[in-house]
Amino acid sequence: LDLSGNQLYGPIREFDKIPSQLVSLYLSENNLSGPIPKTIFQLTSLVYLDVSSNNLIGSVDLSSFWRLRNLVVLHLSNNKLRVMDKKGNKPLSKYLAGPTEFGLASCNITWFPRSLMHIRLISYLDLSSNKISGAVPPQVWETWSSSLWYLNISHNMITNIQAASGVFPFTREFDTLDLSSNRLGGQIPMLKSSATYLDYSNNRFSSVLPNFGSFLRYTSYLSMSKNILHGHISSSICNSTLEELDLSYNNFSGPIPSCLLESAELVVLKLRHNRFEGMLPSNITTE
């Protein structure tokens, strides 16, 4: 049942008769209001549930969805919900593996959901625009190292996500890693497996690996803007395939690597508010 992207409004009524064979329920991008109906938790065949981008209200315990033992995809983002994690310390061994895809952006979450740590494989996790503080549990890159390909924890108050040796040991190629708009400091962690989209902007990072360019094999977008990074830009960035690079509002110094100005792939280059020195080459590639 796909009713997404319409102009539906008002509360979602309780089901008079439970459609026991319903596998997919898409209600996203409407104007639905009120709480999530209790009868949704009786849809035991449900695999895909998406109620994101509505005006749903009320509190909901994340563990309530573990009753849906076939659930793989859960999207609650961008409502007026308050998602809690009351049973976060209780193992989920009596349930199945649990969902592998979570959309929990703008859900008024105040800490990293502990119950997720009991799920063996997660591939997609969006916790952006919440009120999460403190450190990200190391299980994120230890337990899900072979499954995770999308992680967005931007616009929170997270202070620590450092990985050993400054490199996350994910083995699967990433689509998106977004750590922007937090309170992260120290060295910027890179991805062993590379990623298409990397955003570290609006933090307190002070350094980056000297050879960080070698971790950008498949990266098209990279932003490190609005940190306190300093030093020269490593020539290793010349080995990347970047289409958009934003290093603005830092303390980088020294010359601008000529490859950035001569690259045929690079479409957007932002270097404003740094301390670069030297002459610009006369053969800057532009279209």
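Which residues do ring pairs link into a cluster? Keep that in mind for Exercise 3.

Before you start: this is a predicted model, where local features need pLDDT of at least 70, side-chain atom pairs count only at pLDDT 80 or more, and totals for chains, interfaces and linings use all residues. Residues are numbered from 1 along each chain as its sequence is written, and side-chain values use heavy atoms, with hydrogens and water left out.

**Exercise 1. Find the disulfide and describe its handedness and its place in the chain.**

Step 1: Recall that a disulfide is a covalent bond between the sulfur atoms of two cysteines. Here the term is used for a pair of cysteine sulfur atoms within 2.5 Å.

Step 2: The structure holds one disulfide. Its partners are Cys238 and Cys259, with sulfur atoms 2.0 Å apart.

Step 3: The torsion about the S-S bond of Cys238 and Cys259 is about -80 degrees, so this disulfide is left-handed.

Step 4: Distant parts of the chain, 21 residues apart, are linked by the pair: Cys238 is in the loop between β20 (230-231) and β21 (244-246), and Cys259 is in helix α2 (residues 258-262). Helices (H or I, at least four residues) and strands (E, at least two) are DSSP runs, numbered from the N terminus.

**Exercise 2. Work out the strand order of the open sheet and name its edges.**

Step 1: Strands of a sheet pair through backbone hydrogen bonds, either parallel or antiparallel. Two strands count as paired if DSSP finds at least two bridges between them.

Step 2: The order of the three strands is β20-β22-β24, with parallel pairing.

Step 3: β20 and β24 (275-276) are the edge strands, as each pairs on one side only.

Step 4: Look at β22 (residues 251-254), which pairs with β24 in the parallel sense over two bridges. Ser253 stands opposite Arg275 in β24.

**Exercise 3. Classify the ring pair of Tyr124 and Tyr150, then return to the opening question.**

Step 1: Rings of Phe, Tyr and Trp (its six-membered ring) pair if their centres lie within 6.5 Å; planes under 30 degrees apart count as stacked, over 60 as edge-to-face and the rest as tilted.

Step 2: The whole structure has twelve aromatic pairs. In one of them, the centres of Tyr124 and Tyr150 are 4.2 Å apart and the planes are at 10 degrees, so the pair is stacked.

Step 3: Tyr124 lies in strand β9 (residues 124-126) and Tyr150 in strand β11 (residues 150-152), so the pair ties together parts 26 residues apart in sequence.

Step 4: Now the opening question: the cluster linked by ring pairs consists of Trp141, Phe168, Phe170 and Phe174. Well done!
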